[in-house]
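Hi,

Here is the structure I said I would pass on. Could you have a look at it, and then read my notes underneath?

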Amino acid sequence: MRRPMVAGNWKMNGTRAEAGALTRAVAQGVDAAKQTEVLLCPPFILIPLVADLLQGGKIAWGGQDLNVHAAGAHTGEVSGPMLRDFGCRYVIVGHSERRALYGESDQLVALKFKAAQGAGLIPILCVGETLAEREANQTEKVVARQLDAVTNLVGIGALANSVLAYEPVWAIGTGKTATPQQAQDVHRFIRTKLAALDNGIAAGLRILYGGSVKGGNAAELFGQADIDGGLIGGASLNADEFLTICRAGG
Ligand code: PEP
């Protein structure tokens, strides 16, 4: 049985006051009796604030990215051990904005996945196709390539301690959600592909869906057989909306 997860990716948003109010509202509203694991991923600079507010509670916090190196001459970067030091349990790797806007290759993303685990963090590996790739029927090929880069580097065994997120690029922040069937088809493809390497790991792996998830569409998406929750961008900035999504996780 896979534990559902709803993760909020705040992206580059929030003052200290906004982050504090949002974190408090989510912490108060989250139903601790529910099974769904809830995670907040603020910008680096807000992590200490969020960590202080969530300390000792049920909600986890994590980073949106990390550098592959543990320390050293990498001006402007933040490492896995630094995130661990602030109590992060998870870190997002390979978000499509990192891939598209900051030129992160499949190979670099795989190295980040490895660095995250090396620092004791659980990577949330994002994969997904662009609109042009979907229209050219390349969805499975692109997702397979993104997954292969990671499994070739770290081996399928490493995925036991990770989370995947299928995020079609054309659905992120656009208001265009994949239909539950479109999303389920890709989630099933991912699980089947990984099952060829290790059935048990594929069966236990949580695969989140991300791309314009809202309170109104979360339950149907999360109700699909291979969708184990969501990675939520825009809607995670509104406590009520985010909590509605968390409740849809079960
Ligand atoms: C995301 O940032 O990972 C995301 C899915 O964004 P949104 O929910 O805004 O589409």
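Below is what I found, starting with the pockets and then going through some helices and a strand. Keep in mind that this is a predicted model.

**Pockets**

The largest pocket holds about 520 Å³ of space. It is lined by 19 residues, and those closest to its centre are Lys11, Met12, Gln64, Arg98 and Tyr102. Helix H4 (residues 96–101) makes the largest contribution to that lining, with 3 residues. By type, the lining of the largest pocket splits into 9 nonpolar, 5 polar and 5 charged residues.

The second largest pocket comes in at about 210 Å³. There are 18 residues around it, with Ser96, Arg99, Gly128, Gln146 and Val169 nearest its centre. H4 turns up here again and gives the most to the lining, 5 residues. At least two residues each come from H4, strand S5 (122–127) and helix H7 (139–154). The lining of the second largest pocket is an even split: 6 nonpolar, 6 polar and 6 charged.

**Two helices**

How far should helix H5 (residues 106–118) span, given its 13 residues? At 1.5 Å a residue the expected figure is 18 Å, and the end C-alpha atoms are indeed 18 Å apart, so the two agree. The buried residues of H5 are Asp106, Val109, Ala110, Lys112, Phe113, Ala115 and Ala116. Note that Asp106 and Lys112 are in that buried set, and both count as charged. What do the buried residues of H5 pack against? Their partners are strand S4 (90–93), H4, S5 and H7. After H5 comes Gly120, which has a positive phi, near 85 degrees.

Helix H8 (residues 180–195) has 16 residues, and from first C-alpha to last it reaches 22 Å, close to the 22 Å expected at 1.5 Å a residue. Its buried residues are Pro180, Ala183, Gln184, Val186, His187, Phe189, Ile190, Arg191 and Leu194.

**Strand S7 and what comes after it**

In a regular strand, side chains alternate between the two faces of the sheet. Strand S7 (residues 206–209) has Arg206 and Leu208 pointing one way and Ile207 and Tyr209 the other, and all of them are buried. S7 pairs with strand S6 (residues 163–166) in the parallel sense, over 4 bridges. Within this part of the model, Ala165 stands opposite Leu208 in S7.

Arg206 is worth a click. Is this S7 residue buried or exposed? Arg206 has a relative accessible area of 13%, which is under the 20% cut-off, so it counts as buried. Leaving out residues up to four places away in sequence, Arg206 touches Arg2, Arg3, Pro4, Met5, Glu37, Tyr90, Val163, Leu164 and Asp228. Val163 and Leu164 in that list belong to the stretch covered by S6.

Gly216 is a contrast. This glycine is found in the loop between S7 and helix H10 (218–222). Its relative accessible area is 82%, over the 50% cut-off, so Gly216 counts as exposed. Gly216 and Ala195 sit 21 residues apart in sequence and 32 Å apart in space, C-alpha to C-alpha. Ala195 is where H8 ends.

If you open just one view, I would pick H4, since it gives the most to the lining of the second largest pocket and the largest share of the lining of the largest pocket.

Cheers

Technical notes
Residues numbered from 1 in each chain as written. Predicted model: local features only at pLDDT ≥ 70, side-chain atom pairs only at ≥ 80, totals over all residues. Heavy atoms only, no water. 1 Å grid on protein atoms, 1.4 Å probe; cavity = no way out; pocket = protein on both sides within 12 Å on 5 of 7 lines; lining within 4 Å. Points joined across faces, edges and corners; volume = space filled by probe spheres on them. Expected span 1.5 Å × (residues − 1). Buried < 20%, exposed > 50% of the residue type's maximum accessible area, 1.4 Å probe, protein only. Contact = heavy atoms within 4.5 Å. Pairing = 2+ DSSP bridges.
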